[in-house]
Amino acid sequence: MNIEPHKIDRSGLTPQTNLMPNGQPLFFFPDANTELVKIDFSVPAGAAFQQRFLQAAATNALLGESTLHHTAPQLAEWFDYRGITLDRGIDSIMSTITVYSLRKYIPELLPLLHELLTEPLFGQQEFTVYMSKRLQQLKAAQLETGKVARNLFYADIFGRTHPYGSFAEVEDVDRLSLADVQQFYSDRYPLNHIRYYAAGACDKQFIELFAKQFGQSPFTEGPQGDTFDPSILSVPTHNTFRTVEATIPDAVQSTLRIGRLLPWRWDSREYALFTIVNTILGGYFGSRLMSNIREDKGFTYGVASYTHMMRNHLLFFINTDVGAQHAQPALSEIYREMDCLCNEPIPNEELDVVRHYLIGDFLRSIDGIFERSERYRSMQIGHIDERFTDNFLEAISTCTPQQLQEVAQQAFRREAFTQVVVGPEH
């Protein structure tokens, strides 16, 4: 099988850019064949910048609930009547508001979006309701093996003081005030910090109307608001295998999460090769972990391995839920599969199947204007560029079983792993 990366059409992966009157860019992916517009407002306002737990998440959730001129019911009715959806998302670094709308509503929608971002009213009632929901969610999470395992895993990998390793607990709900939310909004959400992305029916009228609403405030070139002391994201490496265990009364299953920080940069060839190794191990339905632990042993309904490009770090982990009685046998089989990839070359037939799968998966990920926009946005805010794609496609085309075996040996060093097991009391 000979895959030639240069034959894959990648011409639509780079957006057009419109510099608005203040010099602030709008990145957009136009498509004349759709009536739908997707707009993303991304701002560096994630947990890395908060002073108290839940401060960033509460601000993201409550932003746009009501404004100085519109109540929450009025806004909900306005959006519902027009079929416009407004979604929010947040991670350790970025907070994002995403809007989907038909093109015909853009002239009246954009002024309202400007109002949501510049004149929000963080009401006490909305804050109280939100915090009550978060309290119930945090209490429920204490009883879920998957969520407990996730928190313990990230805390062990990064440390509890690291933005990636910290997590809120029940007691933190009472420590956050409405004034904290208002202050975080004031500090983190000025318009010149926001990055604008659009896709779909981005015609000339849309570009002009968007610039009129969002391109007038003062703007200075540079990574607006996206700077902090680099040491905040540094993590000391460890060379001792670590096990973290926790029990939950009345749990009916055990969650296993195993992984490590990888020793490479996102733009390295080694990482591109490892994405192939990871797929073989547990990255698709026909993977070795699925075939062994699900199909053959029947320990679980599903098991998967993942790679995750984070700001300054590459993370690899395996996750599965099994019956408590199968926890130790499942762990043994997981390590056995990793050892096989270190000790035995991957058969060419299996490698060809995975090559086909990865190319198809990549093509699906860029098969649509909204998918391309989201891909570009994620890469830009993650400080990642097309060098990753170049390495990835080249690795799929030219990798050998020996190269993959060597990368597996580097990645699957047992002493670098953290193993988390959360299950019922014995």
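The following paragraphs describe a predicted model of a single chain, moving from its overall form to three helix pairs and a few individual residues.

The chain contains 14 helices and eleven strands. Its radius of gyration is 23 Å, close to the 22 Å given by the globule rule for 426 residues, so the chain is as compact as a globular protein of that length. Measured out along the principal axes, the C-alpha trace spans about 65 × 55 × 40 Å. Of the 426 residues, 53% are buried. Contacts that are distant in sequence carry much weight in the count: among those between residues at least 6 apart, 82% join residues at least 24 apart.

A convenient place to enter the structure is helix H1. This helix covers residues 55-62, and the loop that separates it from strand E3 (36-43) holds Leu-54. The phi angle of Leu-54 is near 75°, a positive value in a residue that is not glycine. With a relative accessibility of 5%, Leu-54 falls below the 20% limit and therefore counts as buried. On the other side of the helix, H1 is followed by Gly-64, and the phi of this glycine is also positive, near 90°.

How is H1 itself placed with respect to the rest of the structure? Seven of its eight residues are buried, so the helix is largely enclosed by the rest of the structure. The buried residues are Gln-55, Ala-56, Ala-57, Ala-58, Thr-59, Asn-60 and Leu-62. Their cover includes two strands, E4 (85-90) and E5 (95-102), together with helices H4 and H6 (178-188).

One of these covering elements, H4 (residues 124-141), packs against H1 with the two axes 11 Å apart and at an angle of about 125°. H1 and H4 are therefore oblique to each other, and their crossing is right-handed. On the H1 side the contact is made by Ala-57, Ala-58, Ala-61 and Leu-62, and on the H4 side by Glu-126, Phe-127, Tyr-130 and Arg-134. By class, these residues comprise six nonpolar and two charged, with no polar ones. Helix H4 also holds Lys-133, which at 53% relative accessibility counts as exposed because the threshold is 50%.

A second helix pair is formed by H3 (residues 106-118) and H7 (residues 204-214), whose axes come within 10 Å and cross at roughly 25°. The two helices are therefore roughly parallel to each other, and this crossing is right-handed. H3 contributes Ile-106, Pro-107, Leu-110, Pro-111, Leu-113, His-114 and Leu-117 to the contact, while H7 contributes Gln-205, Phe-206, Leu-209, Phe-210, Gln-213 and Phe-214. The contact of H3 with H7 has ten nonpolar and three polar residues, and no charged ones.

The third pair joins H9 (residues 288-296) and H10 (residues 327-343). Their axes come within 10 Å and cross at roughly 150°, which means that H9 is roughly antiparallel to H10. H9 passes H10 in a right-handed crossing. From H9, the residues in contact are Arg-288, Leu-289, Asn-292 and Ile-293; from H10 they are Ala-330, Glu-333, Ile-334, Arg-336, Glu-337, Cys-340 and Leu-341. This contact comprises six nonpolar, one polar and four charged residues.

Arg-336, part of the contact of H10 with H9, also serves as a reference point across the chain. Its C-alpha atom is separated by 42 Å from that of Lys-133, and the two residues are 203 apart along the chain.

In sequence, a further loop lies between strand E9 (303-310) and strand E10 (313-322), and Asn-312 has its place there. Asn-312 has a positive phi of about 80° although it is not a glycine. Is this residue buried or exposed? At 52% relative accessibility, Asn-312 counts as exposed, whereas Leu-54, the other loop residue described above, counts as buried.

Note on methods. Residues are numbered from 1 along each chain as its sequence is written. This is a predicted model: local features need pLDDT of at least 70, side-chain atom pairs count only at pLDDT 80 or more; totals for chains, interfaces and linings use all residues. Side-chain values use heavy atoms; hydrogens and water are left out. Axes are lines fitted to C-alpha atoms, for helices over the stretch in contact, and angles run from 0 to 180 degrees between N-to-C directions. Helices (H or I, at least four residues) and strands (E, at least two) are DSSP runs, numbered from the N terminus. Angles under 35 degrees count as roughly parallel, over 145 as roughly antiparallel, 65 to 115 as roughly perpendicular and the rest as oblique. A crossing is left-handed if the near helix is turned anticlockwise from the far one by less than a right angle, and right-handed if clockwise. Contact means heavy atoms within 4.5 Å. Ala, Val, Leu, Ile, Met, Phe, Trp, Tyr, Cys and Pro count as nonpolar, Asp, Glu, Lys and Arg as charged, and the others, Gly among them, as polar. The radius of gyration is taken over C-alpha atoms; the globule rule is 2.2 Å times the number of residues to the power 0.38. Buried means under 20% relative accessible area, exposed over 50%, partly exposed in between (1.4 Å probe, protein chains only).
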